[in-house]
Amino acid sequence: RRRGEGVAMLTASELRQMAGRAGRRGKDKVGFSILLKSRFRGAQDAYKLVRKSPEALKSKFAPTYGMVLNLLNNHNGDQAQKIVMKSFGSYLRTKKQEKRKQR
C-alpha cells in the first residue's frame, strides 16, 4: 500500500480488516479475498503476512477536561463513572491488571 511518498507492506491487522470485508453483508455466507504479489514484495512475504497474528489493538481514548465536564453536566458522578468504565481503554486496562494478578 502507498504511504506518503513510498510503498509500505500491509500490517497483519490491515490485511485482516480488508479481507474480513469480502462478500456482501447479509447476502453472502462466504467471501473471498485475493492477495497478489507485487513488484515490491514476493509470494513468501505475502504468505508470512497471511499467517501472522494481527497486532494488538490499542485504545486512543484520552478523556479531556471538556469531556469530563460534559459527562458531569449530564449525569451524576456514579453514572459518569459507569460510562467511562464501559470504554475500550478501561476494558484493556482491566485485562492488563488481570494478567498481572495471574503472574
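**Notes on a predicted single-chain model**

1. Reading along the sequence, you'll meet the elements of the protein chain in the order β-β-α-α-α-α-α. The radius of gyration (taken over C-alpha atoms) is 21 Å, well over the 13 Å that the globule rule gives for 103 residues, so the chain is more spread out than a compact globule. That rule is 2.2 Å times the number of residues to the power 0.38. Counted up, there are 5 helices and 2 strands; these are DSSP runs numbered from the N terminus, helices being H or I with at least four residues and strands E with at least two.

2. Before going further, some ground rules. This is a predicted model, where local features need pLDDT of at least 70 and side-chain atom pairs count only at pLDDT 80 or more, while totals for chains, interfaces and linings use all residues. Residues are numbered from 1 along each chain as its sequence is written, and side-chain values use heavy atoms, leaving out hydrogens and water.

3. How far can you trust it? The mean pLDDT (the predictor's confidence in each residue, from 0 to 100) is 82 for the protein chain, with 97% of residues at 70 or more. Among the elements, helix α3 (residues 65-74) has the highest mean, 89, and strand β1 (residues 2-3) the lowest, 66. Where pLDDT is low, the predicted coordinates should not be read in detail.

4. On overall dimensions, the C-alpha atoms fill a box of roughly 55 × 40 × 35 Å along the principal axes. Just 11% of the 103 residues count as buried, meaning under 20% relative accessible area, with exposed over 50% and partly exposed in between (1.4 Å probe, protein chains only).

5. About 9,700 Å² of the protein chain is exposed, and carbon and sulfur atoms supply 53% of that. The areas come from the Shrake-Rupley method with a 1.4 Å probe; for residues, only the protein chains shown count as cover.

6. Now for one of the buried residues: S90 sits in helix α5 (residues 88-102). S90 counts as buried because its relative accessibility is 3%. Leaving aside residues up to four places away in sequence, S90 touches V84 and M85, a contact being heavy atoms within 4.5 Å.

7. R51 belongs to helix α2 (residues 43-51) and is exposed, at 62% relative accessible area. Look from R51 to L72: they are 21 residues apart in sequence, yet 46 Å apart in space, C-alpha to C-alpha.

8. R41 lies in the loop between α1 (12-19) and α2. With a relative accessible area of 41%, R41 is partly exposed. From R41 to Q79 the C-alpha to C-alpha distance is 51 Å, with their positions 38 residues apart in sequence.
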